[in-house]
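This note concerns the internal cavities and the salt bridges of the model shown below. The points are numbered for ease of reply.

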Amino acid sequence: MSAQLEFVVVVASVREPRIGRTVADWVVAQVPGGIRTRVVDLAEVELPPDADLRPGGGARTPVSDVLAAADGFVIVTPEYNHAYPASLKRFLDWHHGEWMFKPATVVPYGVRGGLLAGEHLRPVLAELSMVTTRRMVALSAPWEHLSEGRYHPPAGEHTAIGQALRELTWWAHALRRARHDRPYALVDWLGAQRADTDAEALADLVGHASVVGLGTGTRAGRETFAVVARTTWSLVERGFRVIAILDNPRVVELYDRYVRGEDVDVEAALRQAWGPWRTEEMREALESLRRRNAEHPGDPVRVVGVGGSKVLPADYDRVLDLVAPPEAAKIRELFDVIRTAHDSGEHVQRAHGTHPGVPFVELAREARAIAGQAGAEAGGLLDAIVDHHANAIGVGYDADREERAAAERVLALRPARVVLWEGSAHVAADAMMGGHLRAELGEAYAAVHVTFGHGRAHGVDVPPPATGSLEDVLGAAGGARTVPLGDGVPAALDAPWRTRLISGVYDPARDGEHYLEVRSLSGAYDALVFVPEISPVSALVSAG
């Protein structure tokens, strides 16, 4: 978006002899520097026949592009028979979208200033979705103030036009930013979409696929998690039989055994999970699956972990049990530091200023050296712990390798139909794990982005979204929304968009830094769900 404003000065009268063009030249000379000004003289514009005019405007005219590019208008018009000229009404009617959500200043003239022409224009311009400035510069008998082909206004009119143009400039800046950040046609289209987060409706949009990625803008929102859970149950009714979670396969295997009816301490299993999954909401979801499977013993829904690391928090305790007490005491001090990464990753600790400074992989290697020849089991666990920390985000993490490997684990679950639970960046069909799934499965992979407006997550208040972001535009549409992104969506959605992602490193004071830019919203996702406000998930609380 160019920084320079552009005004169009419209000369309304086509009669001869004419003074309108002379007045328009005076107006142009008063426009503040730095604003580009163009004159559209209706005596020089040939419009199509009136028979071609249709509601909402007509065919393109020679000045359609000029009007469309304008940020504001000054309409210089005489008063004819207590109104404005027919030439101006015809010109206004022939254009439609070119006027919308732009400001106009009217400069009427006549024997008594042409005020009736200006007042008759206000409701017409309002119907065209234009904003008229409060100030009009009414010129009384301007033909009496001509000299050498120029208009020389009486005292006070220079001041009046200056004030009116300043007001027009303010509106032009404000409305241009609004048109850019919240395009009305898009907001209007979004507002016409389904005004709820109904799981059945969302499942209808994506249930044709064999793999559905349900991604959230934050894992810490109760309402966003609820959308994922409810939609999953609806997809289960449509034949999906595996829930894939990007977490440790060993801990998710415990979930799977639990939901299939085995005697597993699910709370103990959840306490071994990656931090964001250790919630009461997750436990309730697993309990619901267990009940469902009990009712369908021959047709269970399974849960599979597709994460890369297989190190559990319990592995640290097992190492301490296996090594000799003197070494165990030294290793414990190191483990007390590095095992916190299973609750809050090293990159999160760095962002929050709680990281001790020494990379955890170095502390893990030190523990391995202390253990020495501790035995095959302890050595194997220590090697896995070192590898886990060596591949941490911000250390040796290779995102493309890990995302590709996770996608391959999902693909290996076929022919079962799979629901993937992850963050929105991971499931997007144009990058990361979702990109690999789309490349392999084509339209048989569907991605959903569940996002939100504001609320509370990770112990902080999340403010309203950044102006011009996806969430800002969805919020402007009003309330909850379920939005299909298939054929027939506005072209504005097949374009880059910024969408908010709230992770453990989120800092509300730097909210503008926590956005993902997708190259094309409709290329990244097959559907959107918008939740206006979220509340925090509940940390897992012991039943005892």
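1. The model is predicted. For the largest cavity, β9 (211–216), α8 (222–237) and β12 (418–423) each contribute at least two lining residues. The largest share, 3 residues, is supplied by α8.

2. The volume of the largest cavity is about 90 Å³. Its lining consists of Leu214, Thr216, Thr218, Arg219, Thr224, Phe225, Val228, Trp277, Trp421 and Glu422. By class, 5 of these residues are nonpolar, 3 polar and 2 charged.

3. The structure contains 2 cavities of 30 Å³ or more. The second largest cavity encloses about 30 Å³ and is lined by Arg219, Phe225, Pro276, Trp277, Thr279, Met282 and Val537. This lining comprises 5 nonpolar residues, 1 polar residue and 1 charged residue. Arg219, Phe225 and Trp277 appear in the linings of both cavities.

4. Turning to charged pairs, the whole structure has 40 salt bridges. One of them joins Arg238 to Glu200, with 3.2 Å between the closest N and O atoms. This pair connects distant parts of the chain: Arg238 lies in the loop between α8 and β10 (242–245), whereas Glu200 belongs to helix α7 (residues 199–206), 38 residues apart. Arg238 is partly exposed, at a relative accessible area of 26%, and Glu200 is also partly exposed, at 38%.

5. A further salt bridge is formed by Arg292 and Asp299, whose closest N and O atoms are 3.7 Å apart. Are the two partners buried or partly exposed? Arg292 is buried, with a relative accessible area of 14%, while Asp299 is partly exposed, with a value of 32%.

6. The salt bridge between Arg500 and Asp511 has its closest N and O atoms 2.8 Å apart. Here too the pair links distant parts of the chain, with Arg500 in strand β16 (residues 497–500) and Asp511 in the loop between β16 and β17 (515–518), 11 residues apart. Arg500 has a relative accessible area of 0% and is therefore buried. Asp511 is likewise classed as buried, because its relative accessibility is 9%, and the cut-off for this class is under 20%.

7. Finally, Arg18, Arg21, Asp25, Asp41 and Glu44 are joined into one network by salt bridges that share partners.

Notes: Residues are numbered from 1 along each chain as its sequence is written. This is a predicted model: local features need pLDDT of at least 70, side-chain atom pairs count only at pLDDT 80 or more; totals for chains, interfaces and linings use all residues. Side-chain values use heavy atoms; hydrogens and water are left out. On a 1 Å grid over the protein atoms alone, a cavity is a set of points where a 1.4 Å probe fits but cannot get out, and a pocket is an open set with protein on both sides within 12 Å along at least five of seven lines; lining residues have an atom within 4 Å of a point. Grid points are joined across faces, edges and corners, and a volume is the space filled by probe spheres set on the points. Helices (H or I, at least four residues) and strands (E, at least two) are DSSP runs, numbered from the N terminus. Ala, Val, Leu, Ile, Met, Phe, Trp, Tyr, Cys and Pro count as nonpolar, Asp, Glu, Lys and Arg as charged, and the others, Gly among them, as polar. A salt bridge is a side-chain nitrogen of Lys or Arg within 4 Å of a carboxyl oxygen of Asp or Glu. Buried means under 20% relative accessible area, exposed over 50%, partly exposed in between (1.4 Å probe, protein chains only).
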